[in-house]
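Trainee: I am new to this structure and would like a close look at a single part of it. Could you take me through the backbone at its unusual places, one place after another?

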Amino acid sequence: MATAVQTVERENYLNSNYGIKSWLLTTDHKRIAILYLISITAMFWIGGFFAMMIRLELLTPAGDLVSSDTYNKLFTMHGIIMVFFFLIPSVPAVLGNFLIPLMVGAKDLAFPRVNLLSWYLYIIGGTTALVAMITGGVDTGWTFYTPFSTTYSNTHVIGAAVGIFITGFSSILTGLNFIVTIHRMRAPGMTWRRLPLFCWSNYAAALIMILGTPVIAITLLLVAFERAFHIGVFNPALGGDPLLFQHLFWFYSHPAVYIMILPGMGVISEIIACFSRKRVFGYEFVALASIAIAVLGFLVWAHHMFVAGISVYAALVFSLLSYLVAIPSAVKVFNWTATLYKGSIRFETPMLYAFGFIGLFTIGGLTGVFLASLGLDVHVTDTYFVVAHFHYVMVGGMVMAYMAGLHFWWPKMTGRMYPEGWAKLSALLVFVGFNTTFFPQFILGYMGSPRRYHAYPPEFQVLNVLSTAGASILAVGYVLPMIYFLWSLRYGEPAGPNPYNAVGLEWMTPSPPPTHNFDETPVVTWEAYDYEHQPQEEVTVGH
Amino acid sequence: MANHSEHDYVGHIIPSKIYYVIWAILMIGTAITVFAATLELGIFNIVVALLIATFKGTLVVLFFMHLRYSTKLTMVTVIASIFWLFILFSLTMTDYITRAWSTYTGR
Amino acid sequence: MATSEVEIQVAERALQHHFADMEQQKETSTFGMWMFLLTEIMFFGGLFCAYLVYRSSYYHAFVEGSQKMNIWLGATNTAVLICSSLTMALGVRAAQMAKPKLMIVLLLITILFGLGFLGIKAVEYHEHWTNHEFPGPNFHFQTGDPEHPASDPQHTEIYFSLYWAMTGLHALHMVIGVGLVSWIVIVGAMGAFTPEYYNPVENVGLYWHFVDLVWIYLFPLLYLISHKHGG
């Protein structure tokens, strides 16, 4: 219970060392996770600022708030920041870094100093990209299509490309660390079949990180060289093929969306199990589905290029493969639903976000299957239908999962509970705001409203106004957690080791955990999600 | 802590003779590659060159990089890299090879 | 072989706090290096993919470009790298066998081979540069054979773009490799490595062999495209 009396605080990773140097030179995975939390949140608000500008412009049919050139910069910078500096690192770098060593029973990740380097690369890359944006911006779209980006654009393409290049290595090192840790640092008794699904999902995402990111790294490097030295590898006027750029770009950028969603799915698996008090239905299938998504995700990239000029036979192949990649995602959704069946369901905030995820990700995923169909894609490509699709999976799916995870593990990370009433209100605002923002965009796109345009025909105004109104509600839904999370750090109810009575090694150590995670190396003798045998009282190990 | 005198964590030591033999094969392979390039083999020039290069590369990976004496996990890693390169090359080429199949010769 | 008390102490000082024992640390760090090499393979892979696409589409332009490569310098460089891999592997072996002085000598020879490679590369680059074979506005390709003028200079320029990009990226990795081996030499001279703790030497060796491996593919692909006329 919360008391006014300040008891002597146990030593934990937050109070073990004070001073800026102890944070900036830390190798403790938990502190690095917090460093990432702060930087990623900052990036989210910068990206959100650009989103706000876009939605404000689109209140009226005329292009009256900003010029078309400026509008191009706005959506480009919104995309670059949200994709590369928020979505890709979010769950892995914050929650993955914090939790994976705890979940496998290790004292730290395999390479703690590499982990710190990874954060510094993120900061350097992010700063480079932000400088490029502040000193003039980039207007190529986050997709950097050539030859506009290499030859004709007059904006800071090289700066943005270099920033993303550097941050790419941050991602690669994080992925490398996760894979090696999960293979080599598991505690005795923590077999692969007892591993939490959060670990399986992050492992699968890490596979994509190390296999795909290097390709976009070399591609952006080529773009930078082409721009700097007027070479023509991607420029048709000089004998190059702009589609080669697109092939190489999307070889990473499509699997990248699975880097974003897989860790979120892992969060959802943990939360559904805890708040249904049940083992995840079909644990092995969910684990293998994660790996299947990672592998199949590499085979489908040219579905972003159906109308770009690739051969129709290649398009047929990629269309078929894109249908296949939906299957493992569907397996997961069905298994989560089956987990709920006859479960003892509690509607705490993390569970509300998880429900939102399942519904919204399903809509987003289904519309993805629509887009995989060649005939339909020709009609709706480059319209707001596509924009709505990816915002449903990214924001309705991924950001909701991130919020769910932040709420679920906040007590573990900080030792404080957030105010449940305000949290539920925020979840509701996010859900209502999100759907109001993005559902109209499906209709707009189907009716032909193109994306990346700052002006539109007057008959589309009602839906656009509705969308902007929704965005305002959504913004409030995101601002409130900022406030109450910060509030909770000082005034929140102190949390015990396991406020939700969840199963998992991370709940068997104090909140916040000590620097070395466990007083004694745990020995695992129970199955994953062993909720049948989970006692109602809180359990601690060691201490 | 483990009893150090019994715990042998020195890796497998390969006799130096093996390294010299592999070196000799690699040097000969290089000479053959250069010689084969002077022959007129048409489409097979590239096939021969890549076969010899792959043979040399396999020796480097197996012996110089100790893959032959490493864990199965390391082997899986190497195979995964070859497989993923294969995905990148082959699926990209499905586009380039088939573009000519559907040229539009007129309206 | 018996491990002396001093060697055990060196190894224990090297044991990082989050590992249970040296064996776990060694296996983990080697696995980590292999993972990193996996990313390097995909990094170069993008360039190889571009090469594959353009060579298959513009074969004759590539043939003509490749004729301007000096296969003797290229073959010599290939031999130099293979020799350097030998000395590197023997150097790792010396570390395993508690022969630090031999290790240092072998690694110094490795560095010399590496610098030799870079020197030959510099000579080649200089020649290509003065022949206007660097892509960009100053590119001007001439076959050197008045009876067979350049059939497709635009796509030969792409061949040269890939040549400079692939060999340049490779040379950059060589420079980093020379730096890494130098670091091992310095630290090794201070007695840091024993048969129980020689991981960094092994891992730098893996990196070095990988760079050799990339060149084993670059040489035939760039220098020997139908090099019928020799020399």
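Mentor: In this predicted model, A:Asp382 is partly exposed, because 14 other C-beta atoms lie within 10 Å of its own, a count between the limit of 12 or fewer for exposed and that of 20 or more for buried. A:Asp382 is found in the loop between α13 (374-380) and α14 (384-414) of chain A, and although A:Asp382 is not a glycine, its phi is positive, at about 60°. That deserves attention because most residues other than glycine have a negative phi.

A positive phi also occurs at A:Tyr529, which is not a glycine either and has a value of about 55°. A:Tyr529 lies in the segment after α16 of chain A, and with 26 other C-beta atoms within 10 Å it is buried, because 20 or more are enough for that.

The segment after α16 (461-491) of chain A is also the place of A:Pro512, and the peptide bond that leads from A:Ser511 to A:Pro512 is cis, with omega near -10°. Another cis peptide bond, with omega of about -5°, joins A:Thr146 and A:Pro147, and here A:Pro147 is found in the loop between α5 (112-134) and α6 (148-152) of chain A. These two bonds are worth a careful look because most peptide bonds are trans.

Key:
Residues numbered from 1 in each chain as written. Chains lettered and ligands numbered in written order. Predicted model: local features only at pLDDT ≥ 70, side-chain atom pairs only at ≥ 80, totals over all residues. Helix = DSSP H or I, 4+ residues; strand = E, 2+ residues; numbered from the N terminus.
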